[in-house]
Amino acid sequence: MKHKTFFWFFLPTASAMLLFIALPIFSIVIQSLFTPHDAVIIVTENCDPFGCKQETTIDQEATRDLRKSEPLGKFVGLEIYKDRGHLAVNEVKEIWIESNNFTEFKKNIGNLPFYRAMAFTLTFTFTVTPLMLVFGFIIALAVNSLHHNLKGLTIFFSLLPMIVSPLIGSLVLFWMIDSRGIIGEALQYVFEDPDLSLKASTGLTWVMLIVYGVWHAAPFSFVVFYAGLQTLPMDTIESAKIDGASRLQQVWYVVIPHLMPLITFVALMQLMDNFRVFEPIVGFSAEAHAQSLSWFIFNDLGGETRLLSSAATSSVLTIIGVSILLFPVLIRTWRDFNEKSAK
Amino acid sequence: MIKNIMRLVVASAIAVFAAPIFADGHGCKISARVSIVGNEFPAIHAVADGAKVCKGSEVKANLTADHQKINVAGMSGNPAEYTSAIIANSSIVALMNNDVIRPLDDLVAKHGKGLKKNQLITINGKVMAVAFMANAQHLVYRSDILEKAGISAPKTYEEMLAGAKIIKDKGLMDYPLGGAYKAGWNLAQEFTNMYIGHGGEFFKSGSAEVSINNAKGVATLEMLKALSAYMNPDFLTHDSNATSAEWKAGNVAMMNMWGSRMGPLMDPEQSTPTVVKTTTLGDPMTVGGGSTPATTLWWDGWTVAKNISDAEAEATFIAMMNGINPKRLDDKMMPLAVWLIEGFKPGPANVGVAAAARMNAIPYPMLPYQGLLHSALGSEIVDFMQGKEDAATALADVEAAYTAAAKEKGFLN
């Protein structure tokens, strides 16, 4: 393609990307480097239905001019990145010096919000992603071998978990696993433990969120793999059969290599999605046991006193996290691309 | 859901019946737009519906549980989208901090006839809001269960613990206590109550420096944990709604709960018959031998936006005044809240809040940085409640989390 043609073809996409991806990212990076101006605090007499007393308030007159002349706020550089709510640089140093062994270090680090959130987010990402790939693949193989008439209906039902919006899906499950809900009661009966509660234990909450994550995401990999299976070269399969390959060997040596680009694609999407895990935490009211960077952003923006700089910083950290996660996959794709064009 | 619809129906019924009375030249005429944002519960609906009765210009109301997420943003523009925000003593702080509400002294002088002095929320000598109802958490108990256990209504949290043990030991209930202990805002609110009951001060006097990591803070946490041992094991996921549901199902014998939630607990249409018959309101409890009840007093009131024209501000003030017009306090509106409006007569669902005021409970602090401490409490004391760390560590975590947030907001250097 000529460069000029390429330019005109690419222009709409490029401007959309600039407007909707590059500019917002630029904006949050800037916002994460600034904080509000120092508040000028005065003590005043305040009265309400329960009486009058001396209380502290912000002197609006004094801060107004400052806000007008520097609307972005106070430049603090990377201070917010380094504070306790985020990378907690000083706290980690202290813990490193004070801890006697690695177990103690790990336990104390888990007390800092960012690292506590990372522990859950990474566990969630690296269990849900492989599990949903495996389940999606198995379902796709199973549906593909069904009789023609049954396929449509089965596909419809297999896709249901993905169609239900995540918040609703997790709320439905939340009430079912309640200690007075149907699954909760059943588990208490099976394990003969009337005090068993999935919501009260951190470990069980994680398991519950992971099971939910797989349940919700498996249909996505199923539908992609199922589409891939329709393009399977039948002559390769047949020659493998003639060579005496078992069904398992056919899957391992023919089907999986054929689907590899799709597996990479699904893995890429899911790594990104799972790193931003958010809805299940809200739906399951699991914030006592499991947090993620996305949940921090939500929490910073929703409180009575909004922490905008903190939310911007968490957003930048999320982007950095996603980039690190995707890096190996991107390298691999790049290498494959170069090999192909070299041929 | 059905409950909410019922409330809507009741609230709109009030508006419909009230409309003919006030529309006939009773003075509520406005000449500019009015747009209200506020929380979503029956009492607020009643006030907003009263404002909507006004004729002459459009009156809109956006009442939602998420009001705090949108009110500052919706009032920051010029002209502001919302001309009035209905808020409480904790949430007026965000509006004050962001400088989006206007002083009401002129309007009170011109149109505020009939307002009682204690309805005027005065900050630094200027009226910034008009309060219309009061709220507080207090004891509520099941008289039948307490009778079977042979105990009387607890006056202190220590008595509540002892009573819970008796009820459990006698096999009357597995989890005799209830409470809105959901991680986050609710749990932080319970800490705030209990810490005030222990006579604690949240900040070093006159500064934004937090000081809760002390003996009173530890005692507060120990008491919360002791109480939670008698609660449904899912307590960290139970907010006021879930706790009320447990109560209505007859699973709980005693709890500390909001006065504004009492009506539904005693409503035969929403609750089980035995529960309705035996639900009894008590005074707020004290703790640790103190005399200050372990609860906080709250008011709900309305404000007028700063970034609007004077005509819109005047129209808003007139419409909101009509919302809290004493003539609107009929049989339907009266039991919805403890109204601060002239002519309010307390009913059986209001005695708890009245007791809180009588016992000199402390109002929830109206400090610019109290919300930051509330958020820090809500997330950092959870580890302690789960038995993962000791009280002193949890309190040190709260202080560290608060300090980081307060530095970001420019309250600390």
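How many bridges join β5(B) to β7(B), and do the two strands run parallel or antiparallel? Five bridges join them, and the strands run antiparallel. This is a predicted model. Chain B has 17 helices and 11 strands, while chain A has 15 helices and four strands. Between the chains, 52 residues of chain B are in contact with 39 residues of chain A.

**Chain B overall**

- The radius of gyration of chain B is 22 Å, close to the 22 Å that the globule rule gives for 413 residues, so chain B is as compact as a globular protein of that length.
- Its C-alpha trace spans about 65 × 55 × 35 Å along the principal axes.
- Of the 413 residues of chain B, 56% count as buried.
- Take the contacts in chain B between residues at least 6 apart in sequence: 75% of them join residues at least 24 apart.

**Chain A overall**

- Chain A has a radius of gyration of 26 Å, well over the 20 Å that the globule rule gives for 343 residues, so this chain is more spread out than a compact globule.
- A box of roughly 90 × 70 × 45 Å, taken along the principal axes, holds the C-alpha atoms of chain A.
- Buried residues account for 28% of the 343 residues in chain A.
- For contacts in chain A between residues at least 6 apart in sequence, 67% join residues at least 24 apart.

**Domains of chain B**

- The domain assignment splits chain B into domain 1 (2–135 + 297–354) and domain 2 (136–296 + 362–408).
- The C-alpha centres of domain 1 and domain 2 of chain B lie 29 Å apart.
- Domain 1 of chain B puts 21 residues into the contact, and domain 2 of chain B puts in 19 residues.
- On the domain 1 side, α4, β5, β9 and α14 (351–358) of chain B each give two or more residues.
- α4(B) gives the most to that side, with four residues.
- By class, the domain 1 side has 14 nonpolar, six polar and one charged residues.

**Strand β7 of chain B and its partners**

- Strand β7 (residues 254–258) of chain B has five of its five residues buried, so the strand is largely enclosed by the rest of the structure.
- Where β5(B) meets β7(B), B:Tyr141 has B:Met254 as its bridge partner.
- β7(B) also pairs with strand β6 (residues 177–178) of chain B, in the parallel sense and over two bridges.
- B:Gly178 stands opposite B:Met255 in β7(B).

**Where the chains meet**

- The side of chain B that touches chain A draws at least two residues from each of α3 (67–76), α4 (92–97), β4, β5 (126–142), β9 (296–302), α15 (370–380) and α17 (391–408) of chain B.
- The largest share of that side, seven residues, comes from α17(B).
- By class, the side of chain B that touches chain A has 27 nonpolar, 17 polar and eight charged residues.
- α4(B) also appears on the side of domain 1 of chain B that touches domain 2 of chain B.

**Strand β2 of chain A: a hairpin and a cross-chain pair**

- Strand β2 (residues 41–48) and strand β3 (residues 51–58) of chain A pair in the antiparallel sense over eight bridges.
- The two strands form a hairpin, with two residues between them.
- Within this pair, A:Glu45 stands opposite A:Gln54 in β3(A).
- β2(A) also pairs across the chains, with strand β4 (residues 120–123) of chain B.
- That pairing is antiparallel and covers two bridges.
- A:Asn46 has B:Ile123 as its bridge partner in β4(B).

How values were computed. Residues numbered from 1 in each chain as written. Chains lettered and ligands numbered in written order. Predicted model: local features only at pLDDT ≥ 70, side-chain atom pairs only at ≥ 80, totals over all residues. Rg over C-alpha atoms; globule rule 2.2 N^0.38 Å. Buried ≥ 20, exposed ≤ 12 C-beta atoms within 10 Å, placed from the backbone. Contact = placed C-beta atoms within 7 Å. Pairing = 2+ DSSP bridges. Nonpolar A, V, L, I, M, F, W, Y, C, P; charged D, E, K, R; others polar. Domains from an automatic or database assignment.
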